[in-house]
Every structure is written in C-alpha cells, then in structure tokens.
Amino acid sequence: MKKLLVIGMCSVMVLAAGGVDASAASIESSEVIDYRNEHSVGVMSTDVIVYKFREYKHRAQYRRWNATRKRWVDPRWINL
C-alpha cells in the first residue's frame with residue numbers, strides 16, 4: 001500500500017511538472033566498472049533509470065526504462 005502511494009505521488013509530480021529530466025531524480029542503481037591497466041586510472045558508469053507512464057484501458061500504468069543500456073528494466077507494464 002505504501003509503495004502504491006509513493007508511486008502515485010511521484011506520477012502526479014511528474015505529470016504536474018510536464019516531464020522529468022532523466023538526470024534529475026530517476027537514478028535507481030549504480031555500478032562501478034573499473035578498467036585498470038598501466039595507462040588508465042578507471043572509469044565509472046551509472047545506470048540511469050527513467051519511469052515511463054501510460055494509460056491503457058482507462059488504467060494508469062508505469063514501467064522503468066534503463067536509458068544507459070537502452071532496455072526495459074521491468075518485463076511488463078505495472079498498474080498504479
């Protein structure tokens with residue numbers, strides 16, 4: 001129930017703002033990739049997760065999109 005309330009409030013804020021910058025508040029997880037050799041210090045990468053919303057059969061739904069890897073995080077749309 002608490003999860004549903006939080007998701008609903010987030011969707012209202014996103015819809016009221018007219019959209020969200022991907023770097024503003026949609027970073028869910030990060031992983032550190034360290035490529036070390038004799039010439040480099042290291043590289044860090046963060047996965048940027050964006051929430052996508054839609055209305056399907058009069059139901060609000062959302063799904064998470066990984067903008068870094070260009071693929072869906074969730075296997076299917078989730079009802080709000």
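This passage goes through the predicted model of the protein chain, from its overall layout to a few side-chain details.

The chain has 80 residues and carries two helices and six strands. Read from the N terminus, the order is α-α-β-β-β-β-β-β, with both helices coming before the strands. Just 16% of the residues are buried. The accessible surface adds up to about 6600 Å², and carbon and sulfur atoms account for 58% of that area. As for contacts between residues at least 6 apart in sequence, 17% of them link residues at least 24 apart.

Confidence deserves a look before the details. The mean pLDDT of the protein chain is 73, and 46% of the residues reach at least 70. Residues 19-27 fall below 50, and this stretch makes 10 contacts in the model beyond near neighbours in sequence. Coordinates predicted with low pLDDT should not be read in detail. That caution goes for residues 19-27, given their pLDDT below 50.

Strand β4, which covers residues 59-66, is a handy place to start, and Gln61 is one of its residues. Gln61 has a relative accessibility of 8%, so it counts as buried, the cut-off being 20%. Its side chain is not short of polar partners. One polar contact, at 2.7 Å, goes to the side chain of Arg54, and another, at 2.8 Å, goes to the side chain of Asn79. Setting aside neighbours within four places in sequence, Gln61 touches Lys52, Phe53, Arg54 and Tyr56 on one stretch of the chain, and Trp77, Ile78, Asn79 and Leu80 on another. Arg54, one of the two polar partners mentioned here, also has its charged end over the ring of Tyr56, 4.7 Å from the ring centre.

Next to Gln61 in sequence comes Tyr62, which also belongs to strand β4. With a relative accessibility of 5%, Tyr62 is buried as well. The C-alpha atoms of Tyr62 and Leu80 lie 7.1 Å apart in space, with their positions 18 residues apart in sequence. Leu80 also turns up among the contacts of Gln61.

Tyr62 takes part in aromatic pairing too. The model contains four aromatic pairs. One of them joins Tyr51 and Tyr62, a tilted pair with 5.9 Å between the ring centres and 40 degrees between the planes. Tyr51 sits in strand β3 (residues 49-56) and Tyr62 in strand β4, so this pair ties together parts of the chain 11 residues apart in sequence. The two partners differ in how well they are covered: Tyr51 is partly exposed at 39% relative accessible area, while Tyr62 is buried at 5%. Phe53 pairs with Tyr62 as well; the ring centres are 6.5 Å apart and the planes meet at 40 degrees, so this pair is also tilted. Phe53 itself is partly exposed, at 28% relative accessibility. Taken together, Tyr51, Phe53 and Tyr62 make up one aromatic cluster. Phe53 is also listed among the contacts of Gln61.

A further charge-over-ring arrangement involves Arg63, which lies over the face of Trp72 at 4.3 Å from the ring centre.

Finally, the loops on either side of strand β4 each hold a residue with an unusual backbone angle to check. His58 is found in the loop between β3 and β4. Although it is not a glycine, His58 has a positive phi of about 65 degrees. It is exposed, at 75% relative accessibility. Lys70 lies in the loop between β4 and β5, the latter being residues 71-72. Lys70 is likewise not a glycine, yet its phi is positive, at about 55 degrees. The relative accessible area of Lys70 is 59%, so this residue is exposed too.

Definitions and conventions. Residues numbered from 1 in each chain as written. Heavy atoms only, no water. Helix = DSSP H or I, 4+ residues; strand = E, 2+ residues; numbered from the N terminus. Buried < 20%, exposed > 50% of the residue type's maximum accessible area, 1.4 Å probe, protein only. Contact = heavy atoms within 4.5 Å. Areas by Shrake-Rupley, 256 points an atom, 1.4 Å probe, with all protein chains shown as cover. Polar contact = N/O pair within 3.5 Å; in protein donor to acceptor, adjacent residues only side chain to side chain. Phe/Tyr/Trp six-rings, centres within 6.5 Å; stacked < 30°, edge-to-face > 60°. Lys NZ or Arg CZ within 6 Å of the ring centre and 35° of its normal. pLDDT = per-residue confidence, 0-100.
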